[in-house]
Amino acid sequence: MKQFSAPVITKTLLTAAVITASFSSFAATDNAGLDELIAAAKKEGVVYSVGMPDAWANWKGTWADIEKLYGLKHQDTDMSSAQEIAKFAAEKNNATADIGDVGASFGPVAVQKGVVQPYKPTTWDQIPDWAKDKDGNWALAYTGTIAFIINNDLVKDQPKSWADLQNGKYRVTIGDVGIAAQANSGVLAAAFALGGNETNIQPAIDMFAQLAKQKRLSLNDPSVANLEKGEIEVAVMWDFNALSYRDQIDAKRFTVVIPSDGSVTSGYSTIINKFAKNPNAAKLTREFIFSDKGQLNLAEGYARPIRAAHLTLPDSIKAKLLPESQYSGAKPITDFDGWEKTSRQLPKLWQQNVIINMN
């Protein structure tokens, strides 16, 4: 679940001139249709999001820019990917949410449930084909790689791999598997490292079952608050969250590493509610997210923008990231259909094989 209890790290200060320049790709593609969208969005005046809290991938910066540029007020309700889709489906014409941010495997689920509407931003052609729905129902805005965040005060024998994790003495926090995309991706990352794949996560299930039997598994939310309170020894989470939380609390207290024996690189997609009360504001929000400035905002939050090949990242952002060499064992999801089916089975598998061993 995308939860947070502390403000996002202070953003690099940008002058108005820089903001205007970095947003040029958006302005340069201006046309009558886009002008009409902006006017319609301004008339709606507000956008309600789910699962897009300030401290996650620097959404705070995006919401601030959207209000500054278009006068759109914003409010977010934090929830997991599965909860977002369930909310869209349950509320239907009584919708209280316009746009959401869900894990990669949940975009196709939202389409199957019939709860989203399409919109292709003007930078659509710069989004890789593997990262978008051909009809515009979803598109990954950013990617992350599963990492370990380690409390240096509590863990002396620090893990650098999943093999190390299995042999440690500390508790491992994974979060809400079956519900949260971050936790699900943590399971897939372990599967990749242990010889599994998108359709065979049994090696990872077996590993987490062993941790449960050893009383070394925690299902607590790996939130910044729980890390700060010292309630987490080692957590499995996205690198952009781990790096952000590390710097928000105290960079010296935590170590962030990508497991050397394997991990997964995946991402998050914006989905626009089919029943949105403010559909134009939602579409304009997606338009901005995929603009140069919107993509740089995500990079400020340690996430890798999906249009990274078309951007120049400032040195101030590069300096906050892990060295590229740590990512040599990470790989993207290639069997999307297989992972989508496995994701549906994961809650039952987790309950029957892991949760049962925690008592």
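Across the interface of domain 1 and domain 2, 5 residue pairs are in polar contact, with both partners at pLDDT 80 or more. The model is predicted. On the side of domain 1 that touches domain 2, four elements give two or more residues each: helix H5 (81-91), helix H6 (106-113), strand S5 (139-151) and strand S10 (263-273). No salt bridges turn up across this interface; the count is 0.

The two domains are not simple consecutive stretches of the protein chain. Domain 1 takes in residues 41-143 + 266-319. Domain 2 takes in residues 144-265 + 326-357. Their C-alpha centres are 25 Å apart. Contact between the domains involves 20 residues of domain 1 and 22 residues of domain 2. Together, domain 1 and domain 2 bury about 1,700 Å² between them. Carbon and sulfur atoms account for 63% of that area.

A β-α-β unit can be followed along the chain. Strand S1 spans residues 46-50, and strand S2 spans residues 73-77. These two strands run parallel and are joined by 5 bridges. From S1 the chain passes through helix H4 (residues 59-70) before reaching S2. This β-α-β crossover is right-handed. Within the pairing, Val47 has His74 in S2 as its bridge partner. In a regular strand, side chains alternate between the two faces of the sheet.

Note on methods
Residues are numbered from 1 along each chain as its sequence is written. This is a predicted model: local features need pLDDT of at least 70, side-chain atom pairs count only at pLDDT 80 or more; totals for chains, interfaces and linings use all residues. Side-chain values use heavy atoms; hydrogens and water are left out. Two strands pair if DSSP finds at least two bridges between them. A crossover is right-handed if, with the strands pointing away from the viewer, the path from the first strand over the helix to the second runs clockwise. Domain bounds come from an automatic or database domain assignment. Contact means heavy atoms within 4.5 Å. Buried area is the accessible area (1.4 Å probe) that two parts lose on being put together, summed over both. A salt bridge is a side-chain nitrogen of Lys or Arg within 4 Å of a carboxyl oxygen of Asp or Glu. A polar contact is a pair of N or O atoms within 3.5 Å; within protein, one must be able to donate a hydrogen and the other to accept it, and residues adjacent in sequence count only if both atoms are side-chain atoms.
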